[in-house]
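Good morning, everyone; I would like to take a few minutes to walk through one model with you. Please have a look at it on the screen before I begin.

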Amino acid sequence: MAEPYGPWTMADDAGLLELVHSANIACGYHAGDHNIMAAVMRLARDKGVSIGAHPGFHDLH
């Protein structure tokens, strides 16, 4: 989750958080931007959804 970047959307994170009990949030160099990641984490907290990290590494080569 939290993979959108700026104006580009990837999925309905808010809608998905209505259906799950836990979710992995994109972080590091995986996808998304820090504003989207923070917003999805707050939304998950508010909905009682446990979160985990879905990290990525800066290994584009």
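**From a loop glycine to the whole fold**

Let me start with Gly48, which sits in the loop that joins helix H2, residues 34-47, to strand E2, residues 50-56. Before going further I should say that this is a predicted model, and everything I describe should be heard with that in mind. Gly48 has a relative accessibility of 62%, and because the cut-off for exposed is over 50%, this glycine is classed as exposed. If you look across from there to Glu18, which is 30 residues away along the chain, the C-alpha atoms of Gly48 and Glu18 lie 9.8 Å apart.

A second glycine, Gly6, belongs to the segment before H1. Its relative accessibility is 42%, and since partly exposed covers the range between 20% and 50%, Gly6 is placed in that class. Setting aside neighbours within four places in sequence, Gly6 makes contact with Asp33 and Ile36, and the C-alpha atoms of Gly6 and His34, which are 28 residues apart in sequence, are separated by 9.6 Å.

Now to the helix that follows that segment. Asp13 is part of helix H1, which covers residues 13-17. Which side chain of opposite charge is nearest to Asp13, and how far away is it? That side chain is Arg42, at 12 Å, and Asp13, although buried, has no salt bridge. What Asp13 does touch, beyond residues up to four places away in sequence, is Met1, Ala2, Glu3, Pro4 and Val40.

Moving on to the surface, Leu16, Leu19 and Val20 together form a nonpolar patch of about 260 Å². Of these, Val20 is located in the loop between H1 and strand E1, residues 22-28, and with a relative accessible area of 31% it is partly exposed, so it passes the patch cut-off of over 30%.

Let me finish with the chain as a whole. The protein contains two helices and two strands, and their order along the sequence is α-β-α-β. Of the 61 residues, 26% are buried, while the exposed surface comes to about 4400 Å², with carbon and sulfur atoms contributing 59% of it. Finally, if we consider contacts with a separation of 6 or more, 71% of them are between residues 24 or more positions apart.

Conventions
Residues numbered from 1 in each chain as written. Predicted model: local features only at pLDDT ≥ 70, side-chain atom pairs only at ≥ 80, totals over all residues. Heavy atoms only, no water. Helix = DSSP H or I, 4+ residues; strand = E, 2+ residues; numbered from the N terminus. Buried < 20%, exposed > 50% of the residue type's maximum accessible area, 1.4 Å probe, protein only. Lys, Arg positive; Asp, Glu negative; His and termini not counted. Salt bridge = Lys/Arg side-chain N within 4 Å of Asp/Glu carboxyl O. Contact = heavy atoms within 4.5 Å. Patch = residues over 30% accessible without salt bridge, like charges linked within 9 Å, V, L, I, M, F, W, Y side chains within 5 Å. Areas by Shrake-Rupley, 256 points an atom, 1.4 Å probe, with all protein chains shown as cover.
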